[in-house]
Amino acid sequence: MNENILNPHYSELPESYLFSTVARKLADYKASHPGAEVIKLGIGDVTTPLVPAVLEAMHKAVDEMGERSTFRGYGPEQGYGFLREAVARGEYAPRKVEISPEEVFISDGSKCDVANFQELFSADARVAVPDPVYPVYLDSNLMAGRRAVLMPARAENGFQPEVPHEKVDVIYLCSPNNPTGTVLTRETLERFVSYALKNGSIILFDAAYSAYIRDEKLVHSIYEIPGAKHCAVEFRSFSKTAGFTGVRCAVTTVPKELEKLRKMWFRRQSTKFNGACYIVQRAAEAVYSEAGWPQIKAVIDGYMANAAMIREGLAQCGYTVYGGEHAPYIWWKLPAGEKSFDFFDRLLNSCEVVGTPGSGFGACGEGYFRLTAFGETAATKRALERIRDRLK
Ligand code: PLP
């Protein structure tokens, strides 16, 4: 093969994707310690099964697919109207945000949407990404040949990234943040919206964990900030809200105020994507049903009880921790000078507990470690006991 035909930007990516590196280290440990009971509080994947209302809707949709009169083939590229309406009603109306079904796009995941959305911008668009953050924003732009300006989010500033000093065109924000578990304040969001309006920039707001926000006064949707409909696109996912990591369904909202972008996203999706599965969209609709929402909330409450247990457990051992109050992530400050990948090995070897090294989320994540609240409660409790008794 002539290697000159390959996209040269792939060689600029970090050697391997964060979670692949973690998975390889774990596999090596297990190979050399057969029978070890390793507790995984690393990758952000849910463990609680789908709730009954969702399952029931799914079963019903499966049966429909088995009857000629109710069978469905290709669906609307933007998603079925019933789900787009349910999202407008279930996600936005309670926050007093007016979003119409035409502004809602259904897909099979937020990861692909946040990674694909940059295609709508020119190759030389200047991009700003928080540090630390979910690595997909940076990597997808690197693949497209764009370098990003980093916006540091540190403990000293409450993990609120600063508005870029230079002019940028596209700004990624993530709230509640993965990995720090902190929520962007209304003031921070107002600063970003005002910057974007002034500079003609677009904010790509990832709200994958908004269902975990416990305080109703905190901002759940960027559209709660005046002016945001003129400068922001929002991503929401059923993955962490409703345990759909294996089912796959998400929402991207592009307001009519950004009509050119909305039309471009429609064009992009209808060219490269053929819609999310009908059965899955019926399952997602049930999340907002009278029976479904309380069931979903109970699952989230369970994860947040784990988060509180981790926060308190580590604090009792004298560690400094952040996050975990409005997000399923706990951001653990490591002893001064310890590198997060070294700590990964120390924790695995002494406690057989796996977490995620903070440096994998950006340079400002160095010196931190992410634990997730998605584990089973009994296993999470055991992990904390091991940390208390065996971490050295
Ligand atoms: N956005 C953030 C901030 C995430 O942490 C994740 C998954 O971990 C995603 C998006 C991906 O969500 P989905 O499962 O819908 O692809």
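These questions and answers cover unusual backbone spots and the ligand site of a predicted model.

Residues are numbered from 1 along each chain as its sequence is written. In this predicted model, local features need pLDDT of at least 70, side-chain atom pairs count only at pLDDT 80 or more, totals for chains, interfaces and linings use all residues, and side-chain values use heavy atoms, with hydrogens and water left out.

Q: Why is F159 called buried?
A: Buried means under 20% relative accessible area, exposed over 50%, partly exposed in between (1.4 Å probe, protein chains only). F159 has 5% relative accessibility, so F159 counts as buried. F159 also has a positive phi of about 60°, although it is not a glycine.

Q: What makes R248 partly exposed?
A: The relative accessible area of R248 is 30%, so R248 is partly exposed. R248 also has a positive phi, about 80°, and is not a glycine.

Q: Where is R248 found?
A: R248 is in the loop between α7 (238-242) and β8 (250-253). Helices (H or I, at least four residues) and strands (E, at least two) are DSSP runs, numbered from the N terminus.

Q: Which peptide bond joins S175 and P176, cis or trans?
A: The bond is cis, with omega about -5°. P176 lies in the loop between β5 (170-174) and α6 (186-199). A cis bond also joins N178 and P179, with omega about 25°. P179 is found in the loop between β5 and α6.

Q: Which residues come nearest the ligand?
A: S110, D206, Y209, S237 and S239 do, of the 14 residues around the ligand. A residue is near a molecule if one of its heavy atoms lies within 4 Å of it.

Q: What makes the pair between Y209 and the ligand a polar contact?
A: A polar contact is a pair of N or O atoms within 3.5 Å; within protein, one must be able to donate a hydrogen and the other to accept it, and residues adjacent in sequence count only if both atoms are side-chain atoms. A polar side-chain atom of Y209 lies 2.6 Å from an oxygen atom of the ligand. The pair therefore falls within the 3.5 Å limit. A side-chain N or O atom of K240 is 2.8 Å from a ligand oxygen atom. For K111, a backbone N or O atom lies 2.8 Å from an oxygen atom of the ligand.

Q: Which elements give two or more residues to the shell around the ligand?
A: They are α4 (110-116) and α7.
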